[in-house]
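Please open the structure in your viewer and keep the sequence beside it. The tour below moves from one selection to the next and says what is found at each stop.

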Amino acid sequence: QVQLVESGGGLVQAGGSLRLSCAASGSISRPNVMGWYRQAPGKQRELVATISSGGSTNYADSVKGRFTISRDNAKNTVYLQMNSLKPEDTAVYFCNYRFSNAYWGQGTQVTVSS
């Protein structure tokens, strides 16, 4: 089992920045992929960004150039630096860990006001 604890969400004005963190604990195995997904009201959960334990990254087109994903393998923690936030970035952001199974965090709300 893997437990994921997210932090860093909140309310910010358009153009502002937030940094999300997700700490993983439990049966951590490598190589693995950690990432962030988001779900806005009435919409399906969508990929935001992922990063492998080797450092390879993948971003949704909608966040490229604005969001940066990083990780600290020693701390089993993944980060999402979100800059130039837009109202359409408003969603619940979920941390994800993937090895043989996928695990999800409880989600953290990000609200961007116009």
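Is Y37 buried or exposed? Select Y37 and look at its surroundings: at 18% relative accessibility, this tyrosine counts as buried, where buried means under 20% relative accessible area, exposed means over 50%, and partly exposed covers what lies in between, with a 1.4 Å probe and protein chains only.

Before going on, please note that this is a predicted model, in which local features need pLDDT of at least 70 and side-chain atom pairs count only at pLDDT 80 or more, while totals for chains, interfaces and linings use all residues. Residues are numbered from 1 along each chain as its sequence is written, and side-chain values use heavy atoms, with hydrogens and water left out.

**Stop 1: the aromatic pairs**

A search of the whole structure finds 2 aromatic pairs, a pair being two rings of Phe, Tyr or Trp (for Trp the six-membered ring) with centres within 6.5 Å, called stacked when the planes are under 30 degrees apart, edge-to-face when over 60, and tilted for the rest. Keep Y37 selected and add W104: these two form an edge-to-face pair, with 5.1 Å from centre to centre and 70 degrees between the planes. The pair links distant parts of the chain, since Y37 lies in strand 4 and W104 in strand 10 (residues 102-104), 67 residues apart; strands here are DSSP runs of E with at least two residues, numbered from the N terminus. W104 has a relative accessible area of 38% and is therefore partly exposed.

Next, select Y97 and Y103, which form a tilted pair with 6.1 Å from centre to centre and 50 degrees between the planes. Y97 counts as buried at 1% relative accessibility, and Y103 is also buried, with a relative accessible area of 18%.

**Stop 2: a residue in contact with Y37**

Select T50, which is found in strand 5 and is buried, with a relative accessible area of 11%. Leaving aside neighbours within four places in sequence, T50 is in contact (heavy atoms within 4.5 Å) with several residues, among them Y37, V33, M34, G35 and I69.

**Stop 3: the open sheet**

Now colour strands 1, 3, 8 and 7, which in this order make up an open sheet of 4 strands with antiparallel pairing; two strands pair if DSSP finds at least two bridges between them. Strand 1 and strand 7 are the edge strands, each pairing on one side only, and neighbouring strands of this sheet are turned by 15 degrees against each other on average, direction ignored, as judged from axes fitted as lines to C-alpha atoms, with angles running from 0 to 180 degrees between N-to-C directions.

Strand 1 and strand 3 pair in the antiparallel sense over 6 bridges, and here S7 has S21 as its bridge partner in strand 3. Strand 3 is also joined to strand 8 by 6 bridges, again antiparallel, and in strand 8 the partner of L20 is L80, while that of A23 is T77.

Pause at A23, which lies in strand 3 and is partly exposed, with a relative accessible area of 34%. Its contacts, leaving aside neighbours within four places in sequence, are Q3, L4, V5, N76 and T77.

**Stop 4: the disulfide**

How many disulfides does the model have? The count comes to 1 disulfide, defined as a pair of cysteine sulfur atoms within 2.5 Å. Select C22 and C95, which it joins with an S to S distance of 2.0 Å; C22 is in strand 3 and C95 in strand 9, 73 residues apart, and the pair thus links distant parts of the chain. The torsion about the S-S bond of C22 and C95 is about -85 degrees, so the disulfide is left-handed. Both C22 and C95 are buried.

**Stop 5: the nonpolar core**

In soluble globular proteins, nonpolar side chains tend to be buried together. A nonpolar core is a set of buried Ala, Val, Leu, Ile, Met, Phe, Trp, Tyr and Cys residues joined through side-chain atoms within 4.5 Å, and the largest one here has 29 residues, with L4, W36, L80, M82 and Y93 having the most contacts inside it. Strands that each supply at least two residues of this core include strand 1 (2-7), strand 3 (18-26), strand 8 (77-82) and strand 9 (91-98). Finish by selecting L80, which, not counting residues up to four places away in sequence, touches residues including L18, L20, W36, V48, F67, I69 and Y93.
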